[in-house]
Amino acid sequence: MVLRVLAKLAVPAALAVIVACAGGSSPTATTGGGGGGGGGGGGVADQVIATTGTAFNPATLNTSVGHTVTFVFQAQAHSVLFDAVPGAPANIGSSANTSVGRLFNTAGTFPYQCGIHAGMNGSIVVAP
Ligand SMILES: [Cu+2]
């Protein structure tokens, strides 16, 4: 008789503890999961500099689909002529003292050269 009474009392008490624990752990889980937001990889500039030394720097630029690569032209005029690869962006005519962006929406390797200086070339490698 006494044991039955204790058992009846114990069940609601146990449920109360479970509910309390569930409620208490929820904020902890939220806090732990909140740390994942740091993925902002967009901070790295996809930039190629057409130097005054008749070279593209870097000669090979790695990027990924959906990124715009900015070609930076300094005082010396250069052009950027892409090989006829499917998905290659439009060429950039002779340019100096400016920056021109090209969007890469296709994965692959896109070689290019300067139409003014023989042997001045580079490539954009676009990951999926
Ligand atoms: Cu050039």
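1. A good place to start is one pair of residues: Thr68 stands opposite Leu103 in S7. Seven bridges link strand S4 (residues 67-73) to S7, and the two run antiparallel. Strands here, like helices, are DSSP runs numbered from the N terminus (E, at least two residues, for strands; H or I, at least four, for helices), and two strands pair if DSSP finds at least two bridges between them.

2. Before going further, a word on what we are looking at. This is a predicted model, in which local features need pLDDT of at least 70 and side-chain atom pairs count only at pLDDT 80 or more, while totals for chains, interfaces and linings use all residues. Residues are numbered from 1 along each chain as its sequence is written.

3. On confidence, pLDDT being the predictor's confidence in each residue from 0 to 100, the protein has a mean of 78, and 66% of its residues reach 70 or more. Please keep an eye on residues 9-43, where the pLDDT is below 50; this stretch has zero contacts in the model beyond near neighbours in sequence. A contact means that the C-beta atoms of two residues, placed from the backbone, lie within 7 Å.

4. Now the overall layout. The protein has one helix and nine strands, and from the N terminus on the order is α-β-β-β-β-β-β-β-β-β. Of the contacts between residues at least 6 apart in sequence, 47% join residues at least 24 apart.

5. Back to the sheet that holds S4. Four strands form an open sheet in the order S2-S1-S4-S7, with mixed pairing. Strand S2 (56-57) and strand S7 (98-104) each have a single partner strand and stand at the edges, so one side of each lacks a neighbour in the sheet. Strand S1 (residues 47-50) runs parallel to S4 and is joined to S4 by four bridges; within this pair, Ile49 stands opposite Val72.

6. The two faces of S4 are worth viewing side by side. His67, Val69, Phe71 and Phe73 make up the covered face, and Thr68, Thr70 and Val72 the uncovered one.

7. The second sheet is also open and mixed, with five strands in the order S3-S9-S8-S5-S6. At its edges are strand S3 (60-64) and strand S6 (92-95), each with a single partner strand, so one side of each is left without a neighbour in the sheet. From one strand to the next the twist averages 25°, taken between axes that are lines fitted to C-alpha atoms, with angles running from 0 to 180 degrees between N-to-C directions. Strand S8 (residues 108-113) and strand S9 (residues 121-127) run antiparallel and are joined by six bridges; Tyr112 stands opposite Gly122 in S9.

8. Which residues have the most contacts inside the largest nonpolar core? They are Val48, Val69, Phe71, Val80 and Ile124, in a core of 16 residues. Such a core is a set of buried Ala, Val, Leu, Ile, Met, Phe, Trp, Tyr and Cys residues joined through C-beta atoms within 7 Å. S1, S4, S8 and S9 are the elements that give two or more residues to this core, and S4 gives the most, with three. Ile124 contacts Leu61, Thr63, Val69, Phe104 and Phe110, leaving aside neighbours within four places in sequence.

9. Phe104 deserves its own look. This residue lies in strand S7 and counts as buried because 23 C-beta neighbours lie inside 10 Å; the cut-offs are 20 or more other C-beta atoms within 10 Å for buried, 12 or fewer for exposed, and partly exposed in between, with C-beta atoms placed from the backbone. Beyond neighbours within four places in sequence, Phe104 is in contact with Thr63, Val65, His67, Val69, Pro89, Ile124 and Val126. Phe104 and Val126 are 22 residues apart in sequence, with their C-alpha atoms 7.2 Å apart in space. Across the protein, buried residues make up 16% of the 128 residues.

10. Finally, is Gly108 buried or partly exposed? Gly108, in strand S8, counts as partly exposed, because there are 15 C-beta neighbours inside 10 Å. Not counting residues up to four places away in sequence, Gly108 touches Val85, Gly87 and Val126. Gly108 and Ala88 are 20 residues apart in sequence and 9.0 Å apart in space, C-alpha to C-alpha.
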